Every structure is written in structure tokens, then in C-alpha cells.
Amino acid sequence: MGLQAFLSRRIVTPEGVRQGAVLVDGERIRAVVPQDAVPADASREDFGNAALLPGLVDSHVHINEPGRTDWEGFYTATRAAAAGGCTMLVDMPLNSIPATTNVAALEAKRKAAQGQCRVDWAAWGGVVPGNQEKIAPLAQAGVLGYKCFLVPSGVAEFTMVRESDLRAALPHVARTGLPLLVHAELPEFLCGSETREDDWSSYSTYLRSRPDRAEVAAIEFMLSLCREYGFRLHIVHLATGLALDMLQAARAEGLPVTVETCPHYLHLEAETIADNATQCKCAPPIRSHANRERLWRGLRDGVIDMVVTDHSPCPPAMKCMGAGNFDSAWGGIAGLSLALPIVWTEAQRRGFALTDVARWMAEEPARLAGCDARKGRLAAGYDADFVVFDPEAEITVTTDRLPHRHPVSPYLGEKVQGVVRTTYLRGTVVFQDGEFPGEPAGREFRA
Ligand SMILES: [Zn+2]
């Protein structure tokens with residue numbers, strides 16, 4: 001493959017949107033240049049008015065393989081990613097069997113991924129009670145950071161941590177320099193069906209069972225540990241806007257804390273979730289309309305750094321789709337293939353630009369995962385990962401837009417703005433107009 005030039009009137013670079021050409025030499029970007037500076041020997045592809053964005057980096061994905069491949073797997077998750085304009089996934093350590101809490105489990109995951117991936121990927125390791133001696137070896141073996149739960153994770157193989165477990169683990173985490181991603185809810189504030197006999201077909205019952213204060217108290221607790229141990233703290237799937245002031249103050253204080261939220265919290269609202277609509281169940285829950293607007297303010301103010309999917313599918317039967325019981329249904333929303341249009345639909349209404357979306361969905365997650373020298377930007381030296389995106393086109397979501405294993409989605413039937421036309425991984429097309437050409441060529445990202 002010789003020099004390739006990809007032309008567009010809207011190339012989304014960290015410095016702004018510009019007309020130009022992305023010059024690709026092999027798997028890397030050589031430069032972003034004006035269109036009249038394209039060398040004569042380069043092959044040319046002109047996308048006209050379609051936007052060119054960096055390939056999205058999704059640092060919060062549950063691939064579930066090996067062990068729960070009937071929920072999702074490398075083959076289907078990476079197809080959904082490619083269809084969604086995402087070129088790098090970081091896999092959560094739970095739901096796979098074994099859970100990624102030691103090096104042998106990481107090796108089992110690598111073996112399972114072999115030859116199946118349409119985009120690049122990497123692994124988070126797990127912090128669970130008693131595995132503190134595995135933390136440094138996991139870093140040496142190539143995980144990009146760690147994840148822990150302060151509440152039950154939903155699967156028996158991945159145990160939640162208490163304060164004493166964290167105190168045993170945090171010195172090891174801090175020494176690696178890698179981030180600790182925390183599911184921030186505290187169990188003492190949750191009230192499940194054992195304490196409430198309400199109508200669990202109603203979304204409001206579920207919402208009341210996981211109140212804002214469970215998140216706020218957990219974040220406060222983690223910030224105090226961050227102050228004490230000096231590790232990099234990352235709050236996953238922030239769902240409450242009531243923690244934003246505290247997080248902003250922690251930043252001002254100089255604590256190394258970063259924050260993500262997810263497309264479903266930025267798009268859906270509790271007031272319009274129907275009874276039995278368990279496709280909308282996730283934890284923490286989708287909260288009120290007013291809260292959703294607070295999260296958007298958090299993005300505007302820069303307190304929330306990034307938007308990632310928390311793509312977490314399961315077999316449809318586990319969503320209790322017929323019975324619609326919010327107590328027994330699995331909590332998790334599958335959103336990989338639609339994250340970009342969902343976020344763009346909401347962002348453009350609020351006056352945000354494609355540069356904001358690229359920062360939230362590519363640049364900042366890449367920084368969190370430590371792959372920001374090669375992923376997340378359209379700039380010289382970076383991997384030639386990019387998305388051809390039509391920001392004005394509208395589509396109605398149908399199951400053929402859901403290439404993950406089970407086409408369950410809260411977005412079915414919705415009209416959204418923005419269509420991913422083509423996705424390039426390291427200079428090669430991996431998705432185009434509903435098709436996945438070529439053999440799976442994704443590989444593990446190693447720092
Ligand atoms: Zn998750």
C-alpha cells in the first residue's frame with residue numbers, strides 16, 4: 001500500500017475542523033495537509049462534505065469472552081465497534097470467566113481474542129479482595145489499568161471491595177502509575193427487593209432503589225482515598241449530576257481524578273422510561289430530565305472528561321423482556337454501534353461541535369487508557385484510525401444497526417442524527433455501509 005490521501009471539507013483535528021487531506025503511509029498518519037499539498041503519487045479518496053473524525057476509543061466495554069460468549073464476544077463486540085466508528089476498545093475485567101484478575105486470566109483472554117477482532121483492543125485488570133499481589137504483574141503483562149466495584153458487580157466471579165481491601169490494593173495501584181476505575185455506589189444506600197415490596201415492573205421503583213446519594217457518598221469516599229494514596233482515580237459511568245461540584249473541587253485541589261459518563265445518561269430520562277422497559281436498566285440508573293441537563297453542564301464545564309458506552313449486553317432472556325421486572329433483569333445497556341449518533345444528536349442541539357465529540361469520545365478515553373500517543377487524534381504519527389461520519393443524515397434505529405450478539409437496545413425505533421459511513425483501522429476499511437470487508441485485523445494495543 002503506497003501513500004493514501006483522504007480528503008474532506010471537515011477534518012476534525014484537535015485544533016478545529018478544517019478542509020484538507022489526511023495523508024496515510026502504511027498504518028500511520030504522515031500528516032494532515034491542505035488539499036493542494038497532496039503529493040502527486042498518493043492515491044486519493046475524496047469524502048467531500050462528510051466529516052472525518054478520529055476513530056473513537058471506548059474505554060468501557062464488557063466483551064465477556066471467554067466464559068460468557070453467549071452474552072457478547074470479541075467477534076460481535078468488535079463488529080459493533082467498527083459499525084459505530086470505534087477503533088479501539090478497552091475490555092472490563094468482569095463477566096468473562098476467568099475474570100481478568102491475574103496474568104493467567106489475561107493470557108486466556110488474549111487467546112480467546114485471537115483472529116476475531118475487527119478493531120484494536122486492550123484489557124483492564126481487576127482489583128478484587130486479596131489480589132493485591134497480582135496488581136504489579138498484571139501491569140507488566142500489559143493491562144492499561146484496573147477496575148473495582150464498591151457494590152456487588154452482578155457476577156459471582158468478581159467480588160466487590162471494601163475499605164480494607166482497597167487499603168491493601170491502593171499502594172500497589174499507585175506504584176504502577178495506572179488508573180483505578182471505580183464503580184462508585186455504596187451498598188448501604190441501595191434498597192433492593194429484599195427491603196422493598198413495591199411494584200418492580202415500574203421504572204420509578206428501580207430508580208428509588210439506587211438513589212443519587214449512593215453515588216455521591218461513594219465518590220466522596222474514593223476522593224478521600226485518592227488524597228491519601230495519590231493513585232489515579234477514574235469514576236466510571238457518572239449518572240448523578242449532584243457529584244459535579246465535589247468533583248470540580250477535587251480537580252481544583254489537584255487530585256488526579258477523571259470522570260466519564262455514558263450516552264444513555266445523556267439521552268434517556270427517567271420520566272419517559274415505560275413500565276417493563278428493562279432494556280433501559282443499568283446501574284447506576286438513568287435519572288431525571290433535570291439531572292440529564294446537569295450532566296451536560298458537567299461536560300460543558302469540563303468536569304466530565306469523556307463519554308464512553310459501558311456496552312454491557314446479555315442474552316435477551318436475562319433482560320426479562322417479556323416479564324419486564326426491573327429487579328431480576330440484568331443491568332446493562334448495549335450501545336457500541338450507536339454511541340456516536342446518540343451523543344451527536346444531543347450535542348448538536350446544545351450547540352456543541354464535532355471537535356467536542358472527538359475530545360469526549362476519542363482523545364480523552366485514549367488518555368485515560370495511556371494509548372494517547374497513537375490513538376484518539378487525527379495528527380501526524382498517530383494510527384490511521386478514522387471515521388467517515390455524515391453529521392446531517394438522519395436514520396431510524398432498526399435491528400440491522402445493532403451488530404452486537406443480541407439486538408436488544410433502548411434506542412430501537414428512535415430517530416437519530418448522524419450516520420457512520422466508513423470506519424478505517426490503521427489505514428484499512430473495516431466497516432462500510434453495513435458491510436465488514438476483509439479479515440478481522442484488530443490486535444491488542446500494548447503500551
Ligand atoms: Zn460497566
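**Pocket, metal site and ring contacts in a predicted model**

Strand β10 (146-149) and helix α5 (203-209) each put at least two residues into the lining of the largest pocket. Helices (H or I, at least four residues) and strands (E, at least two) are DSSP runs, numbered from the N terminus. This is a predicted model, in which local features need pLDDT of at least 70 and side-chain atom pairs count only at pLDDT 80 or more, while totals for chains, interfaces and linings use all residues. Residues are numbered from 1 along each chain as its sequence is written, and side-chain values use heavy atoms, with hydrogens and water left out.

Back to the pocket. Its volume comes out at about 680 Å³, and 35 residues line the space, with P152, G154, Y206, R210 and A283 lying nearest the centre. For the record, a pocket is an open set of points on a 1 Å grid over the protein atoms alone where a 1.4 Å probe fits, with protein on both sides within 12 Å along at least five of seven lines; lining residues have an atom within 4 Å of a point. Grid points are joined across faces, edges and corners, and the volume is the space filled by probe spheres set on the points.

Next, the metal. The zinc ion is held by NE2 of H60, NE2 of H62 and an OD atom of D310, at 2.1 to 2.2 Å. Donors here are N, O and S atoms within 2.8 Å of the metal (3.2 Å for Na, K and Ca), and water is not among the atoms, so sites may look incomplete. Along the sequence, the spacing reads H-x1-H-x247-D. H60 sits in strand β6 (residues 56-61) and D310 in the loop between β14 (306-307) and α10 (339-349), so distant parts of the chain, 250 residues apart, are linked. H60 and D310 are both buried, meaning under 20% relative accessible area (exposed is over 50%, partly exposed in between; 1.4 Å probe, protein chains only).

Aromatic contacts turn up in quantity: a search of the whole structure gives 15 aromatic pairs. Rings of Phe, Tyr and Trp (its six-membered ring) pair if their centres lie within 6.5 Å; planes under 30 degrees apart count as stacked, over 60 as edge-to-face and the rest as tilted. One of the pairs is F6 with Y424, edge-to-face at 4.9 Å centre to centre and 65° between the planes. F6 belongs to strand β1 (residues 3-13) and Y424 to strand β16 (residues 415-425), so this contact ties together parts 418 residues apart in sequence. Both residues, F6 and Y424, are buried, and ring pairs join them with F47 and F386 in a cluster. F149 and F158 are also edge-to-face, because their ring centres are 5.9 Å apart and their planes at 75°. F149 counts as buried at 5% relative accessibility, and F158 does at 1%.

Finally, the strands, which pair if DSSP finds at least two bridges between them. Strands β2 (residues 16-25) and β3 (residues 28-33) run antiparallel over five bridges, with V22 opposite V32 in β3. The two form a hairpin with two residues between them, and G26 in the turn has a positive phi of about 65°. Parallel pairing joins β11 (residues 179-183) to β12 (residues 232-235) over four bridges, where P179 faces R232. Three bridges connect β12 to strand β13 (residues 257-261), again parallel, and H234 has T258 in β13 as its bridge partner.
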